[in-house]
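This report describes selected backbone and sheet features for a reader who is new to the structure. Please consult the sequence and the three-dimensional view while reading.

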Amino acid sequence: MITRHTCRNGVKIVLEEIPTVRSVAIGIWIGTGSRFEVPENNGISHFLEHMFFKGTKTRNAREIAEAFDSIGGQVNAFTSKEYTCYYAKVLDTHAAYALEVLSDMFFHSTFDKVELVKEKNVVLEEIKMYEDTPDDIVHDLLSRASFGGHSLGYPILGTESTLNTFTDETLRHYMKEYYTPENVVISVAGNVDEKFIKEVENLFGSYEGAKTKKSLQTPNFESGRLTRKKETEQAHLCLGFPGLSLKESQNYSLVVLNNIFGSSMSSRLFQEVREQRGLAYSVFSYHSAYRDKGLFTIYGGTAPHQLDELYETIQHIIEDLKEKGITEKELANSKEQIKGSLMLSLESTNSRMSRNGKQELILNEHRTLDEMVELIDAVSKDSVNQLIRQIFSHKCSASLVSPGGVLPKGLQ
């Protein structure tokens, strides 16, 4: 059962009691990420996430790590385009202690100048590692090609030049602007009861912050083309089409469409490109849903001399879907696969904490498993076919990382 509570300062708490497990997952969710940055501070959300682990007024970086290692727990964080999350998973007997350490990191991080310099170098190495991964670069290039100069196209890691401008003052200023109570959700899932809400409220329910609502500018989808010349063994190609926002009612139809198109081993993309033609080892599609926009992405990596054939094969799959639609068998199999994946994914406290935190932060509503299964079952052949026509009628955006840096003929 999910219990929701709003503290008097605006911090929201969502707790799901799961008495059949012995673990507890706790996540601090903040409604900010690279989308809320400007070119001058791109990467600050991600760098701030790193600095939360570098010491508080009472614990240094090593002591924060030992705090969780000593109880057999896990602690981590991640930054996305629209939110940041700090989380821990521990045995239920250590839930209160884990919450206290997380709150210490959240409220009392010192952003020590020596640690700041060291961590800048760590993130710089992370950027270099990313630059050595062309199948990561190509997805960021696609975001830029699809959203132009809009912040949804910014890289989450930022750049070396922006990284060098960050100081303890710029971090505190950014926190003051975005780490405000009404922009924070504490999500808890596991073997704890509603009394734990009081413990969360005692730590997070009284701090103050500005109550300014951040306005979002919705980007237009652009059919841009971006390429990067890089000495790689493969050509990495991405195609982008306008998708759906998180709040649109057709999202379950899109999940079914994506499953049929390219997100499973039985999908048309995988079967045609890899199994039938042997053109790629890695080929897939996925949908990124944001608060007010979405992006449907198709990726494939192949030998440079096979790039034209890869693109032509993808186009053939798209055209065939537009012309004939999906089959009843594909619809039925896809629904069962999605329901199975959904149920299996909710077996861990971490995944439940994540789902609840994200839904509370962005959608401000929660659906039960039964409700989600009903929505999946309600997806019709017509609704999927309508989405096919809606999505693939647009001219696509494209990105490429390859030794030649030249797009397939059909995209030039």
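In this predicted model, F111 is placed in the loop that runs between α3 (95-108) and α4 (113-131). Although F111 is not a glycine, its phi is positive, at about 50°. The residue F111 is buried, and its relative accessible area is 3%.

A positive phi also occurs at N364, again a residue other than glycine, with a value near 60°. N364 belongs to the loop between α13 (349-363) and α14 (369-377). With a relative accessible area of 40%, N364 is partly exposed. The table sets out the two residues.

| Residue | Phi | Loop between | Relative accessible area |
|---|---|---|---|
| F111 | about 50° | α3 (95-108) and α4 (113-131) | 3%, buried |
| N364 | near 60° | α13 (349-363) and α14 (369-377) | 40%, partly exposed |

The next topic is a sheet. Five strands form an open sheet with mixed pairing, in the order β7-β11-β8-β10-β9. Its edge strands are β7 (225-229) and β9 (283-289), each of which pairs on one side only. From one strand to the next, the twist averages 15°.

At one edge of this sheet, β9 pairs with strand β10 (residues 294-302) in the antiparallel sense, over seven bridges. Within this part of the sheet, A289 stands opposite G294 in β10. In general, the strands of a sheet pair through backbone hydrogen bonds, in either a parallel or an antiparallel manner. Helix α10 (residues 268-276) lies across β9 and β10 and runs at about 150° to β9.

Terms used
Residues numbered from 1 in each chain as written. Predicted model: local features only at pLDDT ≥ 70, side-chain atom pairs only at ≥ 80, totals over all residues. Heavy atoms only, no water. Helix = DSSP H or I, 4+ residues; strand = E, 2+ residues; numbered from the N terminus. Buried < 20%, exposed > 50% of the residue type's maximum accessible area, 1.4 Å probe, protein only. Pairing = 2+ DSSP bridges. Axes fitted to C-alpha atoms, helices over the stretch in contact; angles between N-to-C directions. Contact = heavy atoms within 4.5 Å.
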